[in-house]
Amino acid sequence: MGAERARVTTAAGSAVGGSAAGGSAPARGGLVLLALILASGVANLNLSVANVALPSIGQAFDASQTALNLVAVGFSLGLAGSVLYLGALGDRYGRKRMLVLGLALSIPAALIAALAPGIEVLFLARVFGGVAAGMAYPTTLALIAALWTGPKRIAAIALWSGLGGAISALGPLASGYLIGVFDWSAVFLMTIPLAAVTLVIVLLVVPAKVNEGTDPVDNLGGVLSIVLVAALVLAINFAAVPGAQLFALGLGAVAVVAGIGFVLRQRRAAHPLYDLRIAARRTFWVAAVGGIIVFGSLMGAMYVGQLFLQNVLQYSALEAGASILPAALLMVLAAPLSSRLVLRFGARVVFLLGFAFCLLGFLTMLLFWDVGISYLPVGVGYALIGIGVGLAGPPSSRSLTDSVPVERAGMASGTSDLQRDLGGSIMQSVLGAILTAGYSAAIARSIADAPADVQSEVTSSVAAQLQKSFDGAVSIAKQYPDYADGIVSAARQSFLDGADWAYATGMLTMLIGAVLVFLFYPRREREHELFREYAGGNPEPRTGG
């Protein structure tokens, strides 16, 4: 087994350096890759199906904007919190076993979400679904890293990344159609047939054992990683809730303590869950942080965009879902181009191109997304984000997998999953919290600036309902038909004010990511030199590496 690992790892490193003709792929490689893409598609689809349904869910449960934020991030919260631990368990006890278990559990998780009697149960069902995906999703990239080498691995990762992201972007379109025919609960049922079919294909074609390790799993480190991610994401969401700042601070403190404990544990454990020596490699940590930012931009843009389209432009659920098609299409087209550009120019250049397109996407939203606009600026904004993610996704995942030995592929795949899921959780939480705070402040100003006779009608309970969410304002408008147009207009403008702050935050995040990559990610020649060095089994990066 050790000799086989060395052979596979060395082959991967040689291919990166250009000495291998084309790399290697497993038997029935096309079917295996199809199975892995479909398995990741189940997770990606579940990740995005809720966004289009949020206005309908808000109306059904009279939910606050914060509650809707939590439903939106619940799946990615469960996935991001569990993915490192579950990826390590797959490395030790069998990647196919974890993949099968995750796909199987995703079915009851979807059923519970569809039948949820309240917003709290819906949130918990989404978290449960995320944990199920945490079993399956990291395995897909780990198997690609273990079964493919060289340029064939780069091409496989490009297809996995591009098609997975496209499936995520297509989720809102399917959700919009189902809401138009049925109701919000139907969006959570759509993944069940796909999960069932994928489960059968995985059982038939995916190898049972692929270079799994024999080291014991760091269970304490796994628990600390779960607490860290969960506390961080929840703290961000509650930070903008009036009266919940103390609770948010408490969650933030828990995240800090868990983070410190996790680092100390990884430094002292004989078999750490997360090898900090590998994580310190520039090709690893810069790619990880850059991926968190760029994948988070997609989820954040989709989240705020869906609310904007339905609340401000009054799109139907189907129209709002269809509006994302340019992002899905261009993501698929950009991913293969990205893999070719990486081979020619290196990951650093392609990363920066991806950030530039995402920045232009948020700039389009900030400048042109307003009341009464045509679809053109909506499509352009989504298209730019899709190109950016399609370009930056493959070099990020490839840098992670080529920075680790094949027996630690779960660490690379877990980190790649964290890029999407932690990035999605954080960006949706941050943009959602900023949107919530901006909307609440703007509607409060509207109430304060209203004529005296109108203010006399606004009781404290009415004011709280107006500030709770856009749907809350619509509900109040129905109760006061004489003032309905004014209330809805004020709510719509307040939503735009909050959304503008969210778009500006997205732009700032893109700039931070671009600066990080420009300063710290190595150029093409040094990048390939480092990958050859890492493939040789050296656990420590050289000076300057």
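Start at I107: setting aside its neighbours within four places in sequence, this residue is in contact with I192, A195 and A196. I107 itself sits in helix α4, which runs over residues 95–114. Keep in mind that everything here comes from a predicted model. One of those partners, A196, is 89 residues away along the chain, yet the C-alpha atoms of I107 and A196 are separated by 7.9 Å. Is I107 buried or exposed? Neither, quite: its relative accessibility is 21%, so I107 counts as partly exposed, given that buried means under 20%.

Now cross over to the other side of that contact, helix α7. Its buried residues are T191, I192, A195, T198, L199, V202 and V205, and two of the residues that I107 touches, I192 and A195, are in that list. The buried residues of α7 pack against α4 and also against α2, residues 29–61. As for its length, the 15 residues of α7 should span 21 Å at 1.5 Å a residue, and the end C-alpha atoms are indeed 21 Å apart, so the two values agree.

Step back for a moment and look at the whole chain. It has 21 helices and zero strands. Of its 545 residues, 61% are buried. If you take the contacts between residues at least 6 apart in sequence, 83% of them join residues at least 24 apart, and the I107 and A196 pair, 89 residues apart, gives you a feel for that kind of separation. The accessible surface comes to about 19900 Å², with 68% of it belonging to carbon and sulfur atoms.

Back to single helices, and next up is α5, residues 119–147. With 29 residues at 1.5 Å each, α5 should span 42 Å, and its end C-alpha atoms are 42 Å apart, so expectation and model agree. Where is the kink in α5? Look at G134: the helix kinks there by about 35°, shortly before the proline P138. Most of α5 is covered, with 23 of its 29 residues buried.

Helix α13 makes a good companion to α5. It covers residues 325–345, and its 21 residues reach 29 Å from the first C-alpha to the last, close to the 30 Å expected at 1.5 Å a residue. Here the bend is about 25° and lies at A335, with the proline P336 following within four residues. A335 is also one of the buried residues of α13, a list that includes A327, A328, M331, A334 and L341 too. Just after the helix, G346 takes a positive phi of about 95°.

G346 has a counterpart that isn't a glycine. Q314 has a positive phi, near 60°. You'll find Q314 in the loop between α11, residues 282–311, and α12. With a relative accessibility of 59%, Q314 counts as exposed, because the cut-off for exposed is over 50%.

On one side of that loop, α11 holds A301. What does A301 touch, not counting residues up to four places away in sequence? The answer is F362, M365, Y382 and I385. A301 and M365 are 64 residues apart in sequence, while their C-alpha atoms are 9.1 Å apart in space. At 3% relative accessibility, A301 counts as buried.

On the other side of the loop comes α12, residues 317–322, which contains L318. L318 is partly exposed, with a relative accessible area of 38%. Together with Y177, V181 and F182, L318 forms a nonpolar patch on the surface, and the four share about 420 Å² of accessible area.

Finally, some charge. How many salt bridges does the structure hold? Just one. It joins D218 to R265, and the closest N and O atoms are 2.8 Å apart. D218 lies in the loop between α7 and α8, while R265 belongs to helix α9, residues 245–268, so the pair ties together parts that are 47 residues apart in sequence. The two partners fall into separate accessibility classes: D218 counts as buried at 2%, whereas R265 is partly exposed, with a relative accessible area of 31%.

Definitions and conventions: Residues numbered from 1 in each chain as written. Predicted model: local features only at pLDDT ≥ 70, side-chain atom pairs only at ≥ 80, totals over all residues. Heavy atoms only, no water. Expected span 1.5 Å × (residues − 1). Bend = angle between axes of the 7 residues up to and from the residue. Buried < 20%, exposed > 50% of the residue type's maximum accessible area, 1.4 Å probe, protein only. Patch = residues over 30% accessible without salt bridge, like charges linked within 9 Å, V, L, I, M, F, W, Y side chains within 5 Å. Areas by Shrake-Rupley, 256 points an atom, 1.4 Å probe, with all protein chains shown as cover. Salt bridge = Lys/Arg side-chain N within 4 Å of Asp/Glu carboxyl O. Contact = heavy atoms within 4.5 Å.
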